[in-house]
Amino acid sequence: DALRDIRKTLEALEPIFNTMCPYTSKLFMLFAGIAHTKLHLHKDALILLKPIKKAQGVSEVFHALVHYHMFIAKQMIGLKTKSIENYMMAETLFNTMHASHWRMALTLWRSYFVMLESPTDALQLLSPIMEATLPDALVSQYRYIKSHSYYLADHIEDAKAMAFDPSSAPKNVWDYKALLVTYQLLETRDSEDAKQIKTYFDHPQAKAIAPLEWVEMERLTIDDEEQLRCFLRDIAMPLASEKHNVHALEQYTDMMKQLFSKKSRYKESIYLDLRHKRIINQMHKI
């Protein structure tokens with residue numbers, strides 16, 4: 001388990017943290033913050049990165065990486081306005097360093113967050129980027145954001161053209177996200193492609209690499225409303241909260257409220273709203 005291994009490493013280094021030279025301790029906090037971002041623990045990442053945001057005696061690369069990952073983490077926990085300064089600082093530093101690949105990565109992340117609210121705006125942000133100019137590490141993210149944006153904007157044929165091919169095994173979280181789009185584009189859920197996609201998500205690797213995508217795939221296959229309610233309550237919402245993903249938490253909370261509304265269970269819907277606000281407020285306390 002990657003999370004367990006990273007935590008063990010951090011715990012092993014913690015006793016000697018105070019004996020590290022200032023530069024080494026700052027690097028330790030930077031890499032620990034990045035690791036927590038990669039593991040979808042965005043509040044924890046911000047707790048680690050915030051103290052070194054204005055660190056002295058470090059390079060532009062150091063500052064750029066701090067702001068880049070703080071932008072991602074703040075967006076993930078819903079601090080959208082507060083993330084703007086980090087985006088602008090990272091963009092400025094990447095431009096100063098002529099770090100074109102990092103600048104592209106920053107643009108892709110911005111496009112991803114914009115897509116969640118306005119897919120047409122996300123497509124406009126992506127329009128200057130040519131897939132052929134992207135480093136291999138960014139291609140999966142680019143293709144996913146583009147296919148999902150087309151799908152959300154109801155440009156179905158364009159979405160199909162950019163869709164992930166189920167004959168290829170997913171290698172990263174963006175591939176799993178893209179498979180979810182491909183699954184929703186299928187005309188029937190009984191096709192061979194649908195079965196292949198389900199096989200990928202049934203593999204233990206899916207839970208490890210893309211836990212929230214695994215949850216979404218499970219949700220898409222539940223037809224019974226009572227089963228869905230239990231799944232949202234017991235699995236989807238707790239995991240979205242654990243992974244500090246405000247968008248997923250809001251999505252599943254809204255689904256639960258709709259189910260309550262159908263049964264005229266308005267008190268439970270109000271309670272759910274209050275609980276949701278408490279969780280978000282707790283995420284924002286850094």
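How many aromatic pairs does the count come to? The count comes to 13 aromatic pairs, and the points below take these up together with the pockets, the salt bridges and one enclosed helix. The model is predicted, and the notes should be read with that in mind.

1. Among the aromatic pairs, which total 13, is the one formed by Tyr68 and Trp102, which is edge-to-face, with 5.1 Å from centre to centre and 85° between the planes. The pair links distant parts of the chain, since Tyr68 belongs to helix 4 and Trp102 to helix 6, with their positions 34 residues apart. The two partners are not equally covered: Tyr68 is buried, with a relative accessible area of 5%, whereas Trp102, at 37% relative accessibility, counts as partly exposed.

2. A second pair is made by Tyr112 and Trp174, whose ring centres are 5.5 Å apart and whose planes stand at 80°, so the arrangement is edge-to-face. Because Tyr112 lies in helix 6 and Trp174 in helix 10, this pair ties together parts that are 62 residues apart in sequence. Tyr112 is buried, with a relative accessible area of 5%, and Trp174 counts as buried too, at 11% relative accessibility. Both residues also belong to one aromatic cluster, formed by Phe71, Tyr87, Trp109, Tyr112, Phe113, Tyr144 and Trp174.

3. Tyr112 leads on to the largest pocket, where it is listed with His40, Val173, Lys177 and Glu213 as lying nearest the centre, out of a lining of 47 residues. The space in this pocket comes to about 1,200 Å³. Helix 8 (residues 136–152) provides the largest share of the lining, with seven residues. By class, the lining consists of 28 nonpolar, 11 polar and eight charged residues.

4. The second largest pocket holds about 390 Å³ of space. It is lined by 18 residues, of which Gln75, Lys80, Phe113, Val114 and Glu117 are the closest to its centre; Phe113 is also a member of the aromatic cluster described above. Helix 4 (60–76), helix 5 (80–96), helix 6 (100–115) and helix 15 (246–262) each contribute at least two residues to this lining, and helix 5 gives the most, with four. The lining divides into eight nonpolar, six polar and four charged residues.

5. Two of the residues nearest the centre of the largest pocket, Lys177 and Glu213, are joined to each other by a salt bridge in which the closest N and O atoms are 2.7 Å apart. Lys177 lies in helix 10 and Glu213 in helix 13, so the bridge ties together parts that are 36 residues apart in sequence. Lys177 counts as buried, at 13% relative accessibility, and Glu213 is buried as well, with a relative accessible area of 9%.

6. Where does Glu213 sit with respect to burial of its own helix, and what covers the buried residues of helix 13? Nine of the 10 residues of helix 13 (residues 211–220) are buried, so this helix is largely enclosed by the rest of the structure. The buried residues are Pro211, Leu212, Glu213, Trp214, Val215, Glu216, Met217, Arg219 and Leu220. What covers them includes helix 10 (173–185), helix 11 (192–202), helix 12 (204–209), helix 14 (225–242) and helix 15.

7. The salt bridges number 12 in the count, and some of them lie within a single helix. Lys195 and Glu192 meet in a salt bridge with 3.7 Å from N to O, and both lie in helix 11, three residues apart, or about one turn of the helix. Here Lys195 is partly exposed, with a relative accessible area of 45%, while Glu192, at 59% relative accessibility, counts as exposed.

8. In helix 14, Glu226 forms a salt bridge with Arg229, with the closest N and O atoms 2.6 Å apart. Being three residues apart in that helix, Glu226 and Arg229 are separated by about one helical turn. Glu226 counts as partly exposed, at 40% relative accessibility, whereas Arg229 counts as buried, at 12%. Elsewhere, salt bridges that share partners join Lys53, Lys74 and Glu85 into one network.

Technical notes
Residues numbered from 1 in each chain as written. Predicted model: local features only at pLDDT ≥ 70, side-chain atom pairs only at ≥ 80, totals over all residues. Heavy atoms only, no water. 1 Å grid on protein atoms, 1.4 Å probe; cavity = no way out; pocket = protein on both sides within 12 Å on 5 of 7 lines; lining within 4 Å. Points joined across faces, edges and corners; volume = space filled by probe spheres on them. Nonpolar A, V, L, I, M, F, W, Y, C, P; charged D, E, K, R; others polar. Buried < 20%, exposed > 50% of the residue type's maximum accessible area, 1.4 Å probe, protein only. Contact = heavy atoms within 4.5 Å. Salt bridge = Lys/Arg side-chain N within 4 Å of Asp/Glu carboxyl O. Phe/Tyr/Trp six-rings, centres within 6.5 Å; stacked < 30°, edge-to-face > 60°.
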